[in-house]
Amino acid sequence: MAPTPRGNPQEKRTRVHVVSDVHGNVRDLAVAGAGADALICLGDLVLFLDYADHSRGIFPDLFGAENASRLVALRTARRFEEARELGARLWAGIGMDRATAIEKAVRKQYAELFAAFPTPTYATYGNVDMPTLWSEYAGPGTHVLDGERVEIGGRTFGFVGGGLRTPMHTPYEISDEEYAAKIEAVGEVDVLCTHIPPEIPELVYDTVARRFERGSRALLDAIRRTRPRYALFGHVHQPLARRMRIGATECVNVGHFAGSGQPWVLEW
């Protein structure tokens with residue numbers, strides 16, 4: 001939770017709740033904005049596979065928890081080629097088009113998740129999200145932003161969604177150049193909101209998955225150059241460090257909302 005600055009108790013304060021990596025947690029999402037002037041969501045709404053509970057998600061719904069555990073074990077061991085081969089064999093035996101099956105399952109999750117968003121919500125995409133579907137489910141109180149800025153309570157917030165390309169091949173991975181262009185488009189802001197962290201080892205290493213996730217060098221450069229008050233992100237579920245100061249900027253992993261059910265709070 002961000003520290004609450006002292007001031008005149010008569011002054012109107014602004015309180016924002018921030019979540020990331022929702023991964024299907026509709027129940028807690030429905031109350032995540034309680035008491036806040038706005039909710040910010042930094043993406044990864046979809047639950048494809050729960051690494052803590054292999055019975056939850058689109059993959060085990062289709063192929064069972066045992067196969068989900070096998071896939072998790074291969075990915076954790078960084079045996080990505082074997083993981084892809086396992087997935088290919090399972091999809092070949094299901095008798096259903098892969099893209100159609102995944103989209104149907106994602107649509108079901110999105111219908112429930114977007115209905116749980118309070119008004120107003122400011123949201124950007126995570127790497128496991130499907131941006132092409134968001135416009136169908138985002139109501140008038142949900143503002144989807146990617147490479148864009150918005151003012152909340154007198155402060156400027158910039159949003160950059162998605163992730164960078166990895167061997168995992170998740171749905172919304174883009175090139176370093178495309179990501180850097182979105183960072184550049186946002187420019188100078190008070191609060192920089194992204195799904196992935198800046199490329200700092202302590203911020204990108206997942207202590208449970210035992211691997212470095214991809215962070216952005218362009219994001220790190222922008223933080224050093226433009227000096228926002230805060231850089232907020234998610235993506236790494238169990239980071240080595242949850243927050244770190246880079247110059248004048250407080251960099252904060254707002255937490256794995258699917259597991260904690262608790263938003264991070266920013267108040268001024």
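**View A. Leucine 45 and the residues it touches in this predicted model.** Setting aside residues up to four places away in sequence, leucine 45 touches Val22, His23, Gly24, Gln109, Tyr110, Leu113, Phe114, Phe117, Asp129 and Trp134. For all that company, leucine 45 sits in a loop, the one between strand 2 and helix 2. Its relative accessibility is 0%, so leucine 45 counts as buried. For a sense of scale, pick out alanine 222: its C-alpha atom is separated from that of leucine 45 by 26 Å, with the two residues 177 apart along the chain.

**View B. Aspartate 50, from the loop between strand 2 (38-41) and helix 2 (58-63).** Aspartate 50 comes out at 15% relative accessibility, and since buried means under 20%, aspartate 50 counts as buried. Its side chain has a polar contact of 2.6 Å with the side chain of arginine 56. A polar atom of the aspartate 50 side chain also lies 2.8 Å from the backbone nitrogen of alanine 52.

**View C. The largest nonpolar core, with its 56 residues.** The residues with the most contacts inside this core are Val19, Val22, Leu29, Leu45, Val106, Tyr110 and Tyr179. Helix 5 (residues 98-116) gives the largest share, 7 residues. Apart from this core lies another one of 19 residues, including Ile40, Phe157, Leu232 and Val254. Back in the 56-residue core, zoom in on leucine 29: leaving out neighbours within four places in sequence, leucine 29 is in contact with Val19, Val22, Leu39, Leu113, Ala116, Phe117 and Phe257. As a rule, nonpolar side chains in soluble globular proteins tend to be buried together.

**View D. Helix 5 and what covers it.** Buried along helix 5 are Ala101, Ile102, Val106, Gln109, Tyr110, Leu113, Phe114 and Ala116. An α-helix has 3.6 residues a turn, so residues three or four places apart point the same way. The cover over the buried residues of helix 5 includes helix 1 (26-29), helix 2, helix 4 (80-92), helix 6 (131-137) and strand 4. At the N-terminal end, aspartate 97 acts as the cap of helix 5, with a side-chain oxygen 3.4 Å from the backbone nitrogen of alanine 99. The length checks out too: at 1.5 Å a residue, the 19 residues of helix 5 should span 27 Å, and the end C-alpha atoms are 28 Å apart, which agrees.

**View E. The open sheet of 5 strands.** Read across, the strand order is 4-3-2-1-15, and the pairing is mixed. Strand 4 (142-144) and strand 15 (264-267) stand at the edges with a single partner strand each, so one side of each has no neighbour in the sheet. On average, and ignoring direction, neighbouring strands here are turned by 20° against each other. Strand 3 (residues 121-123) and strand 4 run parallel and are joined by 3 bridges. Look for threonine 121 opposite threonine 142 in strand 4.

**View F. The open sheet of 6 strands.** This one goes 5-6-9-12-14-13, again with mixed pairing. Its edge strands are strand 5 (148-152) and strand 13 (243-246), and each pairs on one side only. Neighbouring strands of this sheet are turned by 20° against each other on average, direction ignored. Helix 7 (residues 176-186) packs on the sheet and touches strand 5, strand 6 (155-160) and strand 9 (191-194). The direction of helix 7 makes about 170° with that of strand 6. Over at the edge, strand 13 pairs with strand 14 (residues 249-253) in the antiparallel sense over 4 bridges. There, isoleucine 246 has threonine 249 in strand 14 as its bridge partner.

**View G. Strand 12 (residues 230-233) and its partners.** Tyr230 and Leu232 point one way from strand 12, Ala231 and Phe233 point the other way, and all are buried. That fits the usual habit of a regular strand, where side chains alternate between the two faces of the sheet. Strand 9 pairs with strand 12 in the parallel sense over 3 bridges, and leucine 192 stands opposite alanine 231 in strand 12. Strand 14 also runs parallel to strand 12, joined by 4 bridges. In that pair, leucine 232 stands opposite valine 252.

Conventions: Residues are numbered from 1 along each chain as its sequence is written. This is a predicted model: local features need pLDDT of at least 70, side-chain atom pairs count only at pLDDT 80 or more; totals for chains, interfaces and linings use all residues. Side-chain values use heavy atoms; hydrogens and water are left out. Helices (H or I, at least four residues) and strands (E, at least two) are DSSP runs, numbered from the N terminus. Buried means under 20% relative accessible area, exposed over 50%, partly exposed in between (1.4 Å probe, protein chains only). A polar contact is a pair of N or O atoms within 3.5 Å; within protein, one must be able to donate a hydrogen and the other to accept it, and residues adjacent in sequence count only if both atoms are side-chain atoms. A nonpolar core is a set of buried Ala, Val, Leu, Ile, Met, Phe, Trp, Tyr and Cys residues joined through side-chain atoms within 4.5 Å. Contact means heavy atoms within 4.5 Å. Two strands pair if DSSP finds at least two bridges between them. Axes are lines fitted to C-alpha atoms, for helices over the stretch in contact, and angles run from 0 to 180 degrees between N-to-C directions. The expected span of a helix is 1.5 Å times one less than its number of residues.
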